[in-house]
Amino acid sequence: MTNYSNKSIVLASRPVGEPVADNFRLETTDIGGLEEGQVLIKTLYLSLDPYMRGRMSEAKSYADPVAIGEVMAGETAGVVVESKSDLYAVGDHVCSRSGWQEYFVSDAKDPMTYKVDADLVPLSAYLGVCGMPGRTAYFGLQSEGKPKAGETLVVSAASGAVGSVVGQIGKKLGLHVVGVAGGEKKCAYVKDELGFDEVVDYKSDDLDAALAAACPNGIDIYFESVGGAVSEAVAKQLNPGSRVPICGFISNYNTRDITTARTPFHIFGELETPPAHKFFLVFDYMNEYAEANKALTDWVTSGELKYQETIVDGLERAPEYFSWLFSGKNFGKLVVKVADQ
Ligand SMILES: NC(=O)c1ccc[n+]([C@@H]2O[C@H](COP(=O)([O-])OP(=O)(O)OC[C@H]3O[C@@H](n4cnc5c(N)ncnc54)[C@H](OP(=O)(O)O)[C@@H]3O)[C@@H](O)[C@H]2O)c1
């Protein structure tokens, strides 16, 4: 086997508030030989996702924190460059939980490493619309939101990886779909390209008035991704019997002390008639992934499901790109191109 020099980004220290450059460190190591049953994967694309902020903190959530000195956690799409397993051939395209690094030795039987067909949709799409964020939207809206045709759905972070898919599936299901996004460009995309019925710009509109105008029959489902002011405004216009699948609340992720933050659980839980609201995890639906994967790739290949990506260059700059998720500098799924095939 050839020796590979492997660059990785490790967690150097835990952030207090917003992550800064010093929280990360670039390391170079050598990758030696493979053992029987292993494959060597070269990373082509690295997915950057909001949940990674939680993994940088000490607090244990549904997933263990990344340890200091450990490679930052994350999913990548890549290509098999060496194989000591009958399950994979050199040249196969795969997704894996390799973390932020150029090469990854995977056990061929690792369930988090799986083949994808880069002829069907572009490889990077398996990290977004046809991957974890797309599946989150698919199950979050349909199984947690329990939509009925004619109802009003409000989607936060509407131009993003998850929100853009939630709204488009909502339209398919016959809902009145209202997106909430930041800035003119994203709002125009949500309405004109993705086909949402209405859009509210939370950065410039009067939220209460704009939501009331966009949702004349009140709100039946709020797909929660951001928390904060958007949730406060939505809470005032929820209908009896409404559902709020809590997918995330990004506006709280960089709070210095999360125990003092006012989260969606406070905002919705305090209402006189609280909506059904609970946090869900895409991994809760692991046994049904095949169904979502098929639907999402079918819709993308038929042109029914549109998506937007921000593809940026260079693993070394991943920490800087990561901060874009919290300022909204990304437009759609944020992906780092790590290497050419
Ligand atoms: N539960 C699960 O299994 C699961 C799985 C995947 C994702 N998630 C959650 O889903 C949410 C969306 O993730 P994504 O991958 O689709 O990210 P994304 O929407 O592609 O990117 C994040 C977006 O959040 C918005 N944002 C950032 N800070 C904000 C703030 N303070 N207030 C309002 N909006 C803010 C920005 O959009 P604007 O420019 O429009 O503000 C930004 O572009 C996150 O909360 C994430 O943690 C949960």
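**Exercises on a predicted model**

In β11, Ile 221 is the bridge partner of Leu 153. The model is predicted, so local features require pLDDT of at least 70 and side-chain atom pairs pLDDT 80 or more, while totals for chains, interfaces and linings use all residues. Residues are numbered from 1 along each chain as its sequence is written, and side-chain values use heavy atoms, without hydrogens and water.

**Exercise 1.** Determine how strands β8 and β11 are joined, and place them in their sheet.

*Solution.* Strands (E, at least two residues) and helices (H or I, at least four) are DSSP runs, numbered from the N terminus. Two strands pair if DSSP finds at least two bridges between them. Strand β8 (residues 152–155) and strand β11 (residues 219–223) run parallel and are joined by 3 bridges. Next, the sheet: 6 strands in the order β10-β9-β8-β11-β12-β13 form an open sheet with parallel pairing. Finally, β10 (198–201) and β13 (276–279) each have a single partner strand, so one side of each lacks a neighbour in the sheet.

**Exercise 2.** State which residues of helix α9 are buried, and what covers them.

*Solution.* Buried means under 20% relative accessible area, exposed over 50%, and partly exposed in between (1.4 Å probe, protein chains only). In α9 (residues 318–327), the buried residues are Ala 318, Pro 319, Tyr 321, Phe 322, Trp 324 and Leu 325. Their cover includes β1 (4–11), β2 (24–31), β3 (38–47), α1, β14 (309–313) and β15 (333–337), where contact means heavy atoms within 4.5 Å. Just after α9, Gly 328 has a positive phi of about 80°.

**Exercise 3.** Locate Tyr 62 and classify its exposure.

*Solution.* Tyr 62 lies in the loop between α1 (51–55) and β4 (76–83). Its relative accessible area is 45%, so Tyr 62 is partly exposed.
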